[in-house]
Amino acid sequence: MKINFFLFVTLFFFSCSSQKDADNIDLLDFSNSKIMEVEIKDWIKVEATAQLDVQDSIPFGKIIQVEFSDSEIFVLENGINSSILVFDREGKYKKQLLKLGTGPGEYSQIEFFVKRENSILVYDRSYQKLINYSTTDFSVLQEYKSQDYFLGGLGGLANDRVFLVSDSELEAEIYKGYGFFNADFSSPQYQPQFSGNIEAFLPQSISSFSEKNYLVQPFSDKVFEIEKDSLKLSFIIDFGSKKVPLETSEVIDAEEFYRILENGSYYFAPHNLLIAEKSVGFNFFKESIDNLNFGLIQNGQAYRFSIDSDLKELFLKPIAVREDLFHTILLPGEYNEEVIELLNLTEVDYEKPILVSYTIGQ
């Protein structure tokens with residue numbers, strides 16, 4: 001593999017500085033996990049629910065993303081059209097962002113959005129543009145064209161800076177990677193990454209807890225705090241003998257990746273990470289992307305839950321980790337009386353989605 005000197009120095013420095021920090025960091029020990037065959041409802045601790053009062057005139061489809069402000073809930077859904085719905089914290093409907101088209105301030109589809117101080121930044125991959133909308137009335141504040149492609153990110157950093165993950169290729173096997181942007185998107189700063197770390201990025205690779213934001217790097221199992229212009233190593237998830245070989249971060253095609261996985265029973269790509277006072281929870285893949293599991297570390301013991309029931313599907317695959325909680329949205333037809341009893345709800349409109357905020361543990 002040939003990379004230019006600048007890229008080599010950048011990648012080498014990022015790796016070495018991370019390792020230097022790692023010497024002073026305790027591992028999140030998941031090296032000897034115990035498989036759990038239990039009733040998952042006994043482990044779910046519901047902290048809050050909100051029935052989302054979606055208007056009958058709005059077709060409500062697959063939920064892509066959920067974000068929060070102090071007073072509002074933002075939901076990206078992909079139904080007939082791609083739109084963002086806004087509710088108050090009790091679930092009352094407020095407004096919808098739906099501006100389809102090819103003109104200024106319009107999008108063809110929303111890939112993802114990031115919540116900023118007083119706006120939301122929407123990314124349209126088809127037209128490679130970012131549109132900044134006011135959260136007050138969804139008027140267009142700015143529109144930015146980009147030569148780069150993005151997979152996800154985070155807004156609301158210090159000075160209203162933005163963090164974005166780019167899968168634009170610099171050279172073979174090297175992507176632009178982690179980008180830090182000023183409020184006006186001038187002077188971007190990138191930390192190039194090997195292709196595997198970017199190809200395996202998920203929106204749920206970014207979590208928010210303890211009033212900070214974190215990125216879990218898929219193949220290094222390192223957890224970085226996202227600061228305004230850099231990443232700081234904070235935790236390492238220790239999979240022990242199940243750790244995927246480091247070479248997977250450098251693969252350039254799926255066949256090579258699966259060839260490596262065939263050589264052992266590996267755990268990889270942790271996401272939906274939530275570190276609380278007494279427990280650590282996260283999703284990860286076992287052996288292949290078709291085998292999603294949930295991991296829990298509590299009181300020094302590591303537990304592994306396979307996702308093999310409807311109830312586990314609903315709660316062990318959260319949409320996001322925000323505000324120190326897991327969040328999922330149950331669509332009409334997904335929940336039944338058993339789920340309603342678990343949520344301890346007395347009045348339910350079975351035609352409306354339910355936002356559930358919870359933790360997992362005992």
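A salt bridge here is a side-chain nitrogen of Lys or Arg within 4 Å of a carboxyl oxygen of Asp or Glu. With that in hand, select Lys212, Glu225, Glu227 and Lys232, which are linked in a network of salt bridges. The model on screen is a predicted one, and it holds 17 salt bridges. The tour visits some of these, then the strands around them, then an open sheet and a surface patch.

**Stop 1: arginine 322 and glutamate 67**

Select arginine 322 and glutamate 67 and show their side chains. They meet in a salt bridge, at 2.8 Å from N to O. Arginine 322 belongs to strand 24 (residues 320-322) and glutamate 67 to strand 4 (residues 62-68), so this pair ties together parts that are 255 residues apart in sequence. Arginine 322 has a relative accessible area of 9% and is therefore buried. Glutamate 67, at 9% relative accessibility, counts as buried too.

**Stop 2: from strand 4 to strand 5**

Keep glutamate 67 selected and add phenylalanine 74, its bridge partner in strand 5. Now widen the selection to both strands. Strand 4 and strand 5 are paired antiparallel over six bridges, and they form a hairpin with three residues between them. Colour strand 5 by accessibility: six of its seven residues are buried, leaving the strand mostly covered.

**Stop 3: strand 5 and strand 6**

Move on along the chain to strand 6 (residues 82-88), which pairs with strand 5 in the antiparallel sense over seven bridges. Three residues link strand 5 to strand 6 in a hairpin. Which residue of strand 6 stands opposite glutamate 72? Select aspartate 88 to see the answer.

**Stop 4: glutamate 72 and lysine 95**

Stay on glutamate 72 and add lysine 95. The two form a salt bridge, with the closest N and O atoms 3.5 Å apart. Lysine 95 lies in strand 7 (residues 93-97) and glutamate 72 in strand 5 (residues 72-78), so the pair ties together parts that are 23 residues apart in sequence. Is lysine 95 buried or exposed? Its relative accessible area is 16%; the cut-off for buried is under 20%, so lysine 95 is buried. Glutamate 72 also counts as buried, at 9% relative accessibility.

**Stop 5: lysine 286 and glutamate 287**

Next select lysine 286 and glutamate 287. Their side chains meet in a salt bridge, at 3.1 Å from N to O. Lysine 286 counts as buried at 15% relative accessibility, whereas glutamate 287 counts as partly exposed at 35%.

**Stop 6: strand 8, strand 9 and serine 134**

Select strand 8 (residues 112-115) and show its side chains. Phe112 and Val114 point one way, Phe113 and Lys115 point the other way, and all are buried. Add strand 9 (residues 119-124), which runs antiparallel to strand 8 and is joined to it by four bridges. The two strands form a hairpin with three residues between them. Within this pairing, lysine 115 has isoleucine 120 of strand 9 as its bridge partner.

From here, go to serine 134 in strand 10 (residues 129-134). Serine 134 counts as buried, at 10% relative accessibility. Draw a line from its C-alpha to that of arginine 116: the distance is 9.6 Å, and the two residues are 18 apart in sequence.

**Stop 7: an open sheet**

Select strands 2, 23, 22, 21 and 20. In that order, these five strands form an open sheet with mixed pairing. Which strands stand at the edges? They are strand 2 (34-35) and strand 20 (267-275), each with a single partner strand, so one side of each is left without a neighbour in the sheet. At the strand 2 edge, look at the pairing with strand 23 (residues 301-306), which is parallel and runs over two bridges. Lysine 34 stands opposite tyrosine 303 of strand 23.

**Stop 8: a negative patch**

Finish on the surface. Select Glu39, Asp42, Asp310, Glu337, Glu338 and Glu341, which form a negative surface patch. Which helix gives the most to the patch? It is helix 5 (residues 337-343), with three residues. Glutamate 338 is placed in helix 5, and its relative accessible area of 41% makes it partly exposed.

Terms used
Residues are numbered from 1 along each chain as its sequence is written. This is a predicted model: local features need pLDDT of at least 70, side-chain atom pairs count only at pLDDT 80 or more; totals for chains, interfaces and linings use all residues. Side-chain values use heavy atoms; hydrogens and water are left out. Patches are made of residues with over 30% relative accessible area and no salt bridge: like charges are joined within 9 Å, nonpolar side chains (Val, Leu, Ile, Met, Phe, Trp, Tyr) within 5 Å. Accessible areas come from the Shrake-Rupley method with a 1.4 Å probe; for residues, only the protein chains shown count as cover. Lys and Arg count as positive and Asp and Glu as negative; His and the chain ends are not counted. The place of a charge is taken as NZ of Lys, CZ of Arg, CG of Asp or CD of Glu. Buried means under 20% relative accessible area, exposed over 50%, partly exposed in between (1.4 Å probe, protein chains only). Two strands pair if DSSP finds at least two bridges between them.
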